Structure formats: C-alpha cells, structure tokens
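Student: I am new to this structure and would like a close look at a single part. Please keep the sentences short.

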Amino acid sequence: MTKTAQLIIDGKTIELPIVEGTLGDRALDITRLRADTGFITYDPGYVNTGPCKSAITFVDGENGILRYRGYPIEQIADRGSFTETAWLLIFGQLPTRDQLSRFSAGLCAEELLHEDLRHHFEGFPPNGHPMAMLSAIINSLGCYHPDLLEIESRGEFYLAASKIISKVRTIAAFSYRKSMGLPFMYPNPALSYCRNFLHMMFSIPNRPYDPSPEAVRALSLFLTLHADHEQNCSCSTVRMVGSTQANLFASVSSGICALWGRLHGGANAGVVEMLEHIRDGESSPREVLEMVKQKKFRLMGFGHRIYKNFDPRAKILKRAAHDLLLKLGKLDELMDIAMELEQLALADPYFVERKLYPNVDFYSGIILRALNIPVQMFPVMFAIGRMPGWIAHWYEEHLETTKIHRPRQVYTGQVLRDYVPIDER
Ligand code: ACO
C-alpha cells in the first residue's frame, strides 16, 4: 500500500503519496496539489524539489557518498577508465571486454569533424572563449546528422551518444588551438581517448606530443570524477531542454552553457585565480578568508548544495594531484597554498557552522595545470567529463518522462493597468 502524508490546508486534509527511492530517499508527491487545493509549492533554487526519479547516480551529501549506477566512486576512480565509466552511466552496466572494445573503436571512428563544421571555428574571434565555441559547435553538430535529431531506437541513441562523446574532445581541442592561433591537429585513431585529446591539444606538425602514462591516467581520472552528479544545474538544464523533445545535440549544448557559470563548472578556474592571487602576494590565505567571511566574495571550490560533509571527489582529487606532481617531478606552489587554505577554512567556525568543505573544483585545477591545460579550458575539461552524464540523463528523460518541465511561479507584479499612449506617459 502506498504510504501517504497528510497536509491540512484551509481546514481541508489531503493525502500526499510518499515516493521512496531504493536507498531511503523520500519525497512527497505533490502532482495533484494545485488541482486539489489551489496551492503550488514555493522553492527558490529548487532546494527541495525532485523533478524526476533517476536510476543513474546516487549522492548522499550527509555521508559523503557518491555512486554511479550503484558502484562507489572510489572503486571506479581506482580501477575504471573514463570510457568504461561513460558506458556504465549511459547503459547502466559495466561493459564486457567486447562491449568496451567496440565502444572504443566506435569513438575512434567518430573522432573527425565534417570539414564544413571545422570551418565554423573561423567565424570566432581569436580570443573567443572555448566554452562559447564548444556549445555552439556541439549544437551545430546536429545539422550534420539530421537522421539523429529524432531518436527512435536504441541503435540511433548509441550512434548519437558515441558521436558526441568522441567529437566533444576534438571540438574542445580545436577550440584551444583556435584561441592560440595554432594549426588544428587531427585526431589519431591509434591513440586512446585521453591520449588522443592530449595529442590534439599539444602536438605540433611533425612533433607529436608524447604524454607520460601518469598524465594520461590523471586525465582519465579527472574526466571520470566529473562524469555525473545527478540533478545539478547543468544536468537539470539538459533534462529540461530534453523534456521539450529537443534533440540530444541541442540539449547537451544547453548543459555546456549552464556549466559555464562561476558557481558551477566555472568554479575550478576561479579557484586557480584565487590561489594565484595569494601566490602573487596580493592577499594572504588568512586575508582571503576574512574577505570571504565579510561576504566580499565566496571561497571558490568550497561548499556544495548537496554535500554537507566532505565531497568524495575532492578527497580523491587531492591525493591524485599530490601523486601526479610527484610522478611528473613538478612543483606547484598552488598545491601548498590550497592545502593551507583548506586547513585554515576547516578550522574556522564560519565554514564549520555552514558545513562548507572543499568540492570537486578545489583541487582539480592543480591536476589540469600539471597537464599544461590553460585556465580558460578548465570548464571545457569539465564539460568533456560531464558529457556521458548529460547524455544518460537526456535518455532517461526521453524514455521515461512524458511531461514538459514547466514550473509555476508566485506572481508579484502589477495587478492591472490600462495601456497609456506614448504621448501621455
Ligand atoms: N564561500 C563562502 N561562503 C559560502 C560558500 C563559499 N564557497 N558557499 C556557501 N557559503 C555560505 C553562504 O554565504 C551562506 O551563508 P549565510 O547562511 O550566512 O547566508 C551559506 O553558506 C549557505 O550558502 P548557499 O548559497 O545557500 O548554498 P547553496 O547550496 O545555494 O550554494 C554553492 C552552493 C553555489 C556551490 C556555493 O557553496 C558556492 O557558491 N560555492 C563556491 C562556488 C563553487 O565552488 N562552485 C562549485 C560547486 S560544485 C560544482 O558545481 C561542480
């Protein structure tokens, strides 16, 4: 029997069904609330709103738990690869050896861009932001695959997903090359997903870039840890756009736009800028924290809507950043500054009372710097990683949800006014 909760409004008692998840999440089903009572719910920022059920990613923010399709992020980070994770998120199971090798071969087959699409880069100014190029060109990609704009079978979805996951890496690297005025390096099908990306970023004609296995592994880890995080802003954007039956290319392109903001995927660049500011002697870590506490700005890479304990991704990335610097024999002052800032913040009542811990962005920039990825590419790297998650959520929405996302509002504007001709205003 469905459990219910009672709500008394205007002296009338109504029963709200309780929806339960497999791990104890509980929600009040308010789908009939307005019809039965005339009330809607008011929830700025959707802090308490679950617009869907989802079987992709589980987050327990109180206990610092993150699982993709039931697998703990620590195990996936330790033993998996990004392409394996992409398959897992999209198709719900870990791939067999055969499935993984066919998926990887499919990604290789899709890595080139149509030459006309490549010419789109010429329309951007040299200092155009790579996130603008990425979202525009991913959206335009749909024009080159009109047969995949309406997805009617699993096979078509598989093809569209493979194209996007493969080409996003090519587009991302080309956007960097464009911003640097460097010739585009075409992908090399002999290389793995991550190695190929680094090749397109850093090889120059007749001088192939040969990253160390540690660098390739660190990139795979970075992408894996960013691959999904349930109903965050960009994912919700993809689902919302997808709920209109917009195509997969347009929907994930909207996710890139949502990710760009400094409170979301733009935060990792903000962290590095803040650490550089300290390194350059403009403020000490303590002074930065004082300004944060006076609410002059936020401590970037700290705090999270869901995690009120540690973010497990930050823990893994902190260790990985440390290991990578050691293995590459690199020193990065920003790592020491980040650790000092973390230590000071975690001992400060302002952060303790508000349960603010380092999030995924706090240490990720140190890894990207060690890989020579420039700061303006940081959100792009996040977008490459998040692509499988967006695609998985779009498909879940496509298969299971029939309702367009269309929230209500509480109107607070003028009641009623008569139109005034322009000469009388
Ligand atoms: N630095 C200082 N204070 C903070 C921070 C921070 N990073 N984050 C939250 N707070 C404070 C707020 O000022 C508020 O204080 P108050 O109660 O005195 O008003 C309190 O903590 C609660 O903050 P909210 O804004 O209500 O928290 P919310 O869940 O809406 O925001 C967010 C989450 C956007 C991530 C926030 O913590 C933030 O701005 N962090 C910095 C940006 C960042 O790192 N973003 C990346 C997030 S992870 C991701 O998107 C991949």
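Where is Glu-230 found? Please start there, then show me the parts around that spot and beyond.

Tutor: A word on the source first: this is a predicted model.

Glu-230 sits in the loop between α9 and α10, and α10 covers 233-242. Is this residue buried or exposed? Its relative accessibility is 18%. The cut-off for buried is under 20%, so Glu-230 counts as buried.

Now look at what touches Glu-230. Set aside the neighbours within four places in sequence. Glu-230 is then in contact with Thr-57, Val-59, Cys-235 and His-393. Take Thr-57. In sequence, Glu-230 and Thr-57 are 173 residues apart. In space, their C-alpha atoms are 5.5 Å apart.

Two of those contacts lead to a sheet. Strand β4 spans 57-60, and Glu-230 touches Thr-57 and Val-59. The sheet is open and has three strands, in the order β4-β5-β6. Its pairing is antiparallel. β4 and β6 (71-72) are the edge strands, each with a single partner, so one side of each has no neighbour in the sheet. Between β4 and β5 (residues 65-68) there are four bridges, and these two strands run antiparallel. One bridge pairs Asp-60 with Ile-65 in β5.

Another contact leads to a helix. His-393 touches Glu-230, and helix α18 covers residues 378-400. On the other side of the loop's start is α9, residues 213-225. How do α9 and α18 pack? Their axes are 7 Å apart and meet at an angle of about 70°. An angle of 65 to 115 degrees counts as roughly perpendicular, so α9 is roughly perpendicular to α18. The crossing is right-handed. On the α9 side, the contact is made by Leu-219, Phe-222 and Leu-223. On the α18 side, Met-381, Phe-382, Ile-384 and Gly-385 take part. Of the residues in this contact of α9 with α18, six are nonpolar, one is polar and none is charged.

That covers the loop and its surroundings. Some other places are worth a visit.

Start with the sheet of β1, β2 and β3. This open sheet has three strands in the order β1-β2-β3, paired antiparallel. β1 and β3 stand at the edges with a single partner strand each, so each has one side without a neighbour in the sheet. On average, neighbouring strands here are turned by 30° against each other, direction ignored.

Go through its pairs one by one. β1 (residues 4-9) and β2 (residues 12-20) are antiparallel and joined by six bridges. Thr-4 has Pro-17 in β2 as its bridge partner. Leu-7 faces Ile-14 in β2. Ile-8 stands opposite Thr-13 in β2. The hairpin of β1 and β2 has two residues between the strands. In this hairpin, Asp-10 takes a positive phi near 50°.

The next pair is β2 with β3 (residues 26-28). They pair in the antiparallel sense, over three bridges. Here Val-19 stands opposite Ala-27 in β3. The hairpin of β2 and β3 has five residues between the strands. Its Gly-24 has a positive phi near 95°.

Now a helix, α3. How many of its residues are buried? The count is 10 of the 10 in residues 82-91, so α3 is largely enclosed by the rest of the structure. The buried residues of α3 include Phe-82, Trp-87, Leu-88, Leu-89, Ile-90 and Phe-91. Among them are also Thr-83, Glu-84, Thr-85 and Ala-86. Just after α3 comes Gly-92, with a positive phi of about 90°.

Last, look at Ser-162. This residue lies in helix α7, which runs over residues 154-180. Ser-162 is buried, because its relative accessible area is 3%. Beyond its neighbours within four places in sequence, Ser-162 touches Phe-103, Leu-107 and Glu-110.

Return to the starting point with that in view. Glu-230 is a buried residue, in a loop between α9 and α10. Its contacts include Thr-57 and His-393.

Key. Residues are numbered from 1 along each chain as its sequence is written. This is a predicted model: local features need pLDDT of at least 70, side-chain atom pairs count only at pLDDT 80 or more; totals for chains, interfaces and linings use all residues. Side-chain values use heavy atoms; hydrogens and water are left out. Two strands pair if DSSP finds at least two bridges between them. Axes are lines fitted to C-alpha atoms, for helices over the stretch in contact, and angles run from 0 to 180 degrees between N-to-C directions. Angles under 35 degrees count as roughly parallel, over 145 as roughly antiparallel, 65 to 115 as roughly perpendicular and the rest as oblique. A crossing is left-handed if the near helix is turned anticlockwise from the far one by less than a right angle, and right-handed if clockwise. Contact means heavy atoms within 4.5 Å. Ala, Val, Leu, Ile, Met, Phe, Trp, Tyr, Cys and Pro count as nonpolar, Asp, Glu, Lys and Arg as charged, and the others, Gly among them, as polar. Buried means under 20% relative accessible area, exposed over 50%, partly exposed in between (1.4 Å probe, protein chains only).
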